[in-house]
4 protein chains.
Amino acid sequence: MGVKGLILLAQAAKETGLLVITEVMSPQDVDMVANYADILQIGTRNMQNFNLLEAASKSGKPVMLKRGFSATIQEWLLAAEYVLALGNNQLILCERGIRTFETYTRNTMDISTIPIIEKVSHLPIIADPSHGTGKWYLVIPLALASVAAGADGVMVEVHPTPDTALKDGQQSLTFENFNKLMSQLQPVVAAVARRLAVPPSGK
Amino acid sequence: MGVKGLILLAQAAKETGLLVITEVMSPQDVDMVANYADILQIGTRNMQNFNLLEAASKSGKPVMLKRGFSATIQEWLLAAEYVLALGNNQLILCERGIRTFETYTRNTMDISTIPIIEKVSHLPIIADPSHGTGKWYLVIPLALASVAAGADGVMVEVHPTPDTALKDGQQSLTFENFNKLMSQLQPVVAAVARRLAVPPSGK
Amino acid sequence: MGVKGLILLAQAAKETGLLVITEVMSPQDVDMVANYADILQIGTRNMQNFNLLEAASKSGKPVMLKRGFSATIQEWLLAAEYVLALGNNQLILCERGIRTFETYTRNTMDISTIPIIEKVSHLPIIADPSHGTGKWYLVIPLALASVAAGADGVMVEVHPTPDTALKDGQQSLTFENFNKLMSQLQPVVAAVARRLAVPPSGK
Amino acid sequence: MGVKGLILLAQAAKETGLLVITEVMSPQDVDMVANYADILQIGTRNMQNFNLLEAASKSGKPVMLKRGFSATIQEWLLAAEYVLALGNNQLILCERGIRTFETYTRNTMDISTIPIIEKVSHLPIIADPSHGTGKWYLVIPLALASVAAGADGVMVEVHPTPDTALKDGQQSLTFENFNKLMSQLQPVVAAVARRLAVPPSGK
């Protein structure tokens, strides 16, 4: 995304009171993106782009690190260390699906990752069921599943008219379906809040 | 399981009022197992054992067909046709995890399968987070996730003392944790019941 | 394959002086197939059909065990033990490709398996590039590669007119291409014979 | 690799008459590396680092593009277009193994890729059995297999004392084993030269 797009994003954020998260793809772009964004996103293809991880860390901005689509959990946590080791501890992990032999979905959401990260790490983890499935009608059930499994957040693609979207329309929710997602998430969040307060006993 | 085990299972069922589901592994065992069990289970390694599928179908008993751990959704549904084509339509599918490169878990639960089956098939689908993860502390969050995604049921391994179990102890819940699962499932079931009554609109 | 097909196979073998290898799919068919075949083949979907492995072992006939398309090498060797443990040591392993994310080929031939088996086991191993690739024009190069890697044999599908084959035509060689394979294999066999006589030194 | 390492590499090349190929990891390093190296290597984790591909292309130097360890053949060829589209047609592909469920090897060499690239592309393809297997004793058989399948070249790791190597010692050949590889490759190269001169007839 060029600087024009970043300025528009920042204006939209100011008008709505939202924060901006957007992807940075090269070390030399980190400063420019950090000028406009509240959170820097590292994409799945860059999970092991160590120069980029270090530059993002040094920016001082919070960083969201997507799991590489063929990364093991261990490799993901080791990549996270490149951000943490330079003193930036505002790091969010994001599960977005892994590559398997299944061709019905774009990726296979590895929901078990969510409670594993909760157990072995102190880092928050969010879920991206839009990229994780590639199909809009799977976004709501997988978003609910992610939260039920303990996710700290969910990110979804939304578009006013997915059929005419320049990209990722097939995995985008309409505003109407986004509203459904939000209303259906509430009771699941409530149910899970109860679970997280009562962890299972040792084996 | 030999006939002695089956007799014990049937006695336990009678005393408790529960039904019996147990695995049948060879066509020549179908009659014996069908004598004692209410539901015949076809295991993941036999998903494409077509002789067995046909024999199970002909028994007239309900059949539960586990997904092969490397089967695509399409192959699974085609295997299901071996049961359905012979006139037995009491068929339940069971997602139990697929094999991926991840080694932290025994398998990777493919939760997206649940809403896919709901969409493309009329068959009920249940989830097996015990085999799907291989780790007891992942069973509760993945069970909740499965139900949030729309599963019609959950099967879990339970053992009074998992540490001394002959097999699968690492993925078995204690009675205490089973009770926690049951109480935590209730609000998620309630939340999802609402979702299933309000499907998302066409794209 | 029914008994009529087996009788035809046995006749063809007698006329040509070839041996017969054919698949057996159920324990109850082992005796019938063993009457006509010289070697019993266990297919990829039955690699862990332990009842079948035991019945094949007890037949006393040589057994060829294909690798399950999602089996690790360790699981394959453990399945082989079901044949060996009952006293039948005439066992041949067959690599026929594993399931991966790649969709260009039907399976991914795991050629590294060949020298691994050579190192960790005393069992002979052959390669099946027809099923391993699913495409006839990949059969010759993968057959040569398998032999170069140390395979003890190669099995390929051949058909006089692959375009009209009832099944597997896409992966079948014409007679003409089969002749090419045979003539091209000879110098590779000679080259590798030299390698096998001079193993690499310890690290 | 810093500039000191590059200078040493260039000196070694001058003394021996060899060419230098070395990895470049960031767009901003391309000019420096291109000053000293004859060929720029793009590593598996950067296969889809499009900024880097474009910078490497513009350098005018020959480029070697390793396959991403979870990239399909199609994705690999599409990544190659980033180099070709900017007018640099001195591009070499390198198969170095893909990630699968098998844990015995570090990766699974996808040997079928070699004849596929030969068929669908005009680009030369070489094989890297050191990274492709992760085990030194698999390097020779997989190198022979790659050449038998039609590879245009092989790259292997060599170290005078692999046990004390700073990295990748487990997959490095000693000088003695490297000599064995070279002498064993010769007859396979001769055998395959014959094959490549006589392609199989249309189906």
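Here are three short exercises on this predicted model, each with a worked solution.

Residues are numbered from 1 along each chain as written, and chains are lettered from A and ligands numbered from 1 in the order in which they are written. Local features need pLDDT of at least 70 and side-chain atom pairs count only at pLDDT 80 or more, while totals for chains, interfaces and linings use all residues; side-chain values use heavy atoms, leaving out hydrogens and water.

**Exercise 1. Work out how chain B is related to chain A.**

Step 1. Superpose the copies by least squares on the C-alpha atoms of residues with pLDDT of at least 70 in both. A turn of 180° with a shift of 0.0 Å along the axis lays chain B on chain A, with an RMSD of 0.0 Å.

Step 2. Put a name to it: this is the relation of a two-fold axis.

Step 3. Find the axis in chain B: the C-alpha nearest to it belongs to B:Ala145, at 2.0 Å.

Step 4. Check the contact residues (heavy atoms within 4.5 Å). Of those in chain B, 100% recur in chain A, so the same surface serves both copies.

**Exercise 2. Describe the sheet of chain A and find the helices that pack on it.**

Step 1. Take strands as DSSP runs of E with at least two residues, and helices as runs of H or I with at least four, numbered from the N terminus. Strands pair if DSSP finds at least two bridges between them.

Step 2. Order the strands: in chain A, six of them form an open, parallel sheet, β1-β2-β3-β4-β5-β6.

Step 3. Look at the edges. β1 (21-23) and β6 (153-154) of chain A each have a single partner strand, so one side of each lacks a neighbour in the sheet.

Step 4. Zoom in on β4 (residues 91-95) and β5 (residues 125-127) of chain A: three bridges join them. One partner pair is A:Cys94 and A:Ile126.

Step 5. Add the helices, using lines fitted to C-alpha atoms (for helices, over the stretch in contact) and angles from 0 to 180 degrees between N-to-C directions. Helix α3 (residues 50-58) of chain A touches β2 and β3, at about 170° to β2(A). Helix α5 (residues 113-120) of chain A touches β4 and β5, at about 170° to β5(A).

**Exercise 3. Find which lysines have their charged end over a tyrosine ring.**

Step 1. Apply the test: NZ of Lys or CZ of Arg within 6 Å of the ring centre and within 35 degrees of the ring normal.

Step 2. A:Lys135 sits over the ring of A:Tyr104, 3.9 Å from its centre.

Step 3. C:Lys119 sits over the ring of D:Tyr137, 4.1 Å from its centre.
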